[in-house]
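Trainee: Could you take a close look at one part of this model with me, and tell me how the residues there sit and what they touch?

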Amino acid sequence: MIRCIAIDDEPLALKQISKYISQMPDLELVGSCQSAIEAQKLVSEGEIDAMFIDINMPDLNGLDFVRSLEQPPMVVFTTAYAEYALEGYKVNAVDYLLKPFGLEDMKKTTDKLKKQYDLINSAMVSGVDEDNAIYIKTDYKIVRIEISSIRYIEAMSEYLRIYTEDSPKALVALLSMKRMDEHLKNHKFMRIHRSYIINLRKIKEVSRSHVSLDAETSLPIGDMYKEAFNAYISAKFLTK
């Protein structure tokens, strides 16, 4: 299921788009907001796959809100103003719904979202082989990565940066954090933030809010991941 939020300052429009989302078998409505400011917390706290957002809203318009996000989910703009379409596609919107739109328009948009979602979450990474390695597609080639060489993984919109001990620069792959986490969580890796998965064997120091892998690499611990991470550290902590 594609987890979605709806954002529109007009109550009737918000009710309508929320209803359409709920009628789509591939979509799950996890929240609705009457402003982009209200939506900021929802986007930052939960893993949202897609947002349906109006452009012309007070305080913070939809375009500026999407541009402000470091890792925006898939975006569908819903607006009554056709002149915004070009600007919408400049921020890589999946689709653009011109009000008033109907259920058939929504179905077509859902198909586009599903294709993009499947692409992001497709088998771009192989299962772990008997040599404890994975294969990813990057730069139009397939690369083998020893799991033990991975230091950490960083989310970057729809892509991941994979930092290893074997490469001077990160490997970039079109892949979701969720899929990578599923492959690595049983191999001494842990997600500590919406944007980071770390190799637990590479930890050098731990502070209240950060994990250091070396003198130059200090990564934040997200609030929703602190409990699990602290439990791991506590289980390893030696006392007299």
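Mentor: Let's start with Cysteine 33, which is buried at 4% relative accessible area; buried means under 20%, exposed means over 50% and partly exposed is in between, using a 1.4 Å probe and protein chains only. Cysteine 4 is buried too, with a value of 0%. A disulfide is a covalent bond between the sulfur atoms of two cysteines. The count of disulfides here is 0, going by a cut-off of 2.5 Å between cysteine sulfur atoms.

Keep in mind that this is a predicted model, so local features need pLDDT of at least 70 and side-chain atom pairs count only at pLDDT 80 or more, while totals for chains, interfaces and linings use all residues. Residues are numbered from 1 along each chain as its sequence is written, and side-chain values use heavy atoms, with hydrogens and water left out.

Now for the part I'd zoom in on: threonine 109, in helix α5, which covers residues 103–120. (Helices are DSSP runs of H or I with at least four residues, strands are runs of E with at least two, and both are numbered from the N terminus.) Threonine 109 is buried, because its relative accessible area is 1%. Skip its neighbours within four places in sequence, and its contacts are Phe52, Val76, Asp95 and Leu97, where contact means heavy atoms within 4.5 Å. With aspartate 95 there is a side-chain to side-chain polar contact at 2.6 Å. That term takes a pair of N or O atoms within 3.5 Å; within protein, one must be able to donate a hydrogen and the other to accept it, and residues adjacent in sequence count only if both atoms are side-chain atoms. As for the backbone, the C-alpha atoms of threonine 109 and valine 94 are 8.1 Å apart, with their positions 15 residues apart along the chain.

Staying in helix α5, glutamate 104 and lysine 107 pair up in a salt bridge at 3.4 Å, N to O. The rule is a side-chain nitrogen of Lys or Arg within 4 Å of a carboxyl oxygen of Asp or Glu. The two are 3 residues apart in the helix, which means about one helical turn separates glutamate 104 from lysine 107. Lysine 107 is partly exposed, at 37%.

Step back to the loop between β5 (95–98) and α5, where proline 100 sits. The peptide bond between lysine 99 and proline 100 is cis, with omega about -5°. Most peptide bonds are trans, and most residues other than glycine have a negative phi.

Lysine 99 also makes a salt bridge with aspartate 8, with the closest N and O atoms 2.6 Å apart. This one spans 91 residues, tying the loop between β5 and α5 to the loop between β1 (2–7) and α1 (11–23). Both partners, lysine 99 and aspartate 8, are buried. By the same rule, the count for the structure comes to 10 salt bridges. Another of them joins arginine 161 to glutamate 154 at 3.6 Å. Shared partners also link Asp8, Asp54 and Lys99 into one network.

On the phi side, aspartate 59 is positive at about 70° without being a glycine. Aspartate 59 lies in the loop between β3 (50–54) and α3 (62–68), and at 73% it counts as exposed.
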